[in-house]
Amino acid sequence: IIMTVKGADATDPARYFFTMETAYNGYNFAGSPQMRDARVKFPEIHARGDLLVTPVYNMIHYPTQRSDDSSAQIRFFKTINTEEAEMLAAIDKDVNGQPIAPPAGKTTNILITFDGSGGFDVTVVITGWDEKYQWNEW
């Protein structure tokens with residue numbers, strides 16, 4: 001899974017972080033078990049000033065059929081201080097109402113676009129494993 005955030009204040013990317021919880025247990029590419037627990041990733045500033053999660057979430061052994069039961073739960077936070085964080089987005093579906101359920105053997109590209117008034121859209125594009133996707137929404 002590769003996540004990009006457009007419309008968030010990217011001047012201090014260290015203030016942001018993602019968590020993700022999956023519906024299934026599996027293994028990552030290092031061979032470590034990935035249970036249903038949340039894994040934290042911190043974004044970096046992309047060349048266009050947007051936030052990009054690198055390295056990506058690497059997941060294998062995910063189901064091939066999408067359903068609400070198999071969706072990933074992605075949460076995007078902004079830290080307030082060392083002990084508090086504000087959740088800016090909780091995501092389990094894209095703008096078409098489809099669950100975020102990364103298919104096995106593919107890359108799931110997720111674009112979260114904040115509209116400036118507290119709302120956001122989520123766009124998902126599935127590509128081949130070794131393909132890089134360029135968002136055209138800019």
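**Exercise 1. Describe the connection between β10 and β11, and state how many bridges join the two strands.**

Solution. In this predicted model, β10 and β11 make up a hairpin whose strands are separated by five residues. Within the turn, Gly116 adopts a positive phi of about 90 degrees. The two strands run antiparallel and are joined by nine bridges. Two of the partnerships can be located by residue: Phe114 is bridged to Phe120 of β11, and Thr107 has Thr127 in β11 as its bridge partner.

**Exercise 2. Place the hairpin in its sheet: in what order do the strands lie, and which stand at the edges?**

Solution. The sheet is open and consists of five strands, ordered β6-β7-β1-β10-β11, with mixed pairing. At the edges stand β6 (43-45) and β11; each has a single partner strand, so one side of each lacks a neighbour in the sheet. Neighbouring strands are turned against each other by 20 degrees on average, direction ignored.

The next step is to examine the other partner of β10. Five bridges join β1 to β10, and these strands run parallel. Here Met3 stands opposite Ile110 in β10. Strand β10 is also mostly covered, with seven of its nine residues buried.

**Exercise 3. Classify the ring pairs made by Phe76 with Tyr16 and with Phe114.**

Solution. A pair of aromatic rings is described by the distance of the centres and the angle of the planes. The structure holds six aromatic pairs. For Tyr16 and Phe76, the ring centres are 5.3 Å apart and the planes meet at 5 degrees; planes under 30 degrees apart count as stacked, and therefore this pair is stacked. Because Tyr16 belongs to strand β2 and Phe76 to strand β8, the pair ties together parts that are 60 residues apart in sequence.

Burial is assessed against a limit of under 20% relative accessible area. Tyr16, at 3%, counts as buried, and Phe76 is buried at 0%. For Phe76 and Phe114, the centres lie 5.8 Å apart and the planes are at 40 degrees, so the pair is tilted. Since Phe76 lies in β8 and Phe114 in β10, this pair ties together parts 38 residues apart in sequence.

Finally, Tyr16, Phe18, Phe76, Phe114 and Phe120 form one aromatic cluster.

**Exercise 4. Identify the residues with the most contacts inside the largest nonpolar core, and compare the surroundings of Ile74 and Arg75.**

Solution. The largest nonpolar core comprises 21 residues, and those with the most contacts inside it are Val5, Phe18, Ile74, Phe76, Ile100 and Ile110. At least two core residues come from each of β1 (2-6), β2 (16-21), β7 (51-53), β8 (73-79), β9 (85-91), β10 (106-114) and β11 (120-128).

Neighbours within four places in sequence are set aside for Ile74, whose contacts are then Met3, Phe18, Thr19, Met20, Ala89, Ala90, Ile91, Ile100 and Ile110. Arg75 is located in strand β8 and counts as partly exposed, because its relative accessibility is 25%. Beyond four places in sequence, Arg75 touches Phe17, Phe18, Thr19, Glu21, Met87, Ala89 and Ala90. The C-alpha atoms of Arg75 and Ala89 are 5.6 Å apart, although 14 residues separate the two in sequence.

**Exercise 5. State where in the chain confidence is lowest and where it is highest.**

Solution. The chain has a mean pLDDT of 77, and 72% of its residues reach 70 or more. Confidence is lowest in strand β3 (residues 26-27), with a mean of 60, and highest in β11, at 92. Where pLDDT is low, the predicted coordinates should not be read in detail.

Definitions and conventions: Residues are numbered from 1 along each chain as its sequence is written. This is a predicted model: local features need pLDDT of at least 70, side-chain atom pairs count only at pLDDT 80 or more; totals for chains, interfaces and linings use all residues. Side-chain values use heavy atoms; hydrogens and water are left out. A nonpolar core is a set of buried Ala, Val, Leu, Ile, Met, Phe, Trp, Tyr and Cys residues joined through side-chain atoms within 4.5 Å. Buried means under 20% relative accessible area, exposed over 50%, partly exposed in between (1.4 Å probe, protein chains only). Helices (H or I, at least four residues) and strands (E, at least two) are DSSP runs, numbered from the N terminus. Contact means heavy atoms within 4.5 Å. pLDDT is the predictor's confidence in each residue, from 0 to 100. Two strands pair if DSSP finds at least two bridges between them. Axes are lines fitted to C-alpha atoms, for helices over the stretch in contact, and angles run from 0 to 180 degrees between N-to-C directions. Rings of Phe, Tyr and Trp (its six-membered ring) pair if their centres lie within 6.5 Å; planes under 30 degrees apart count as stacked, over 60 as edge-to-face and the rest as tilted.
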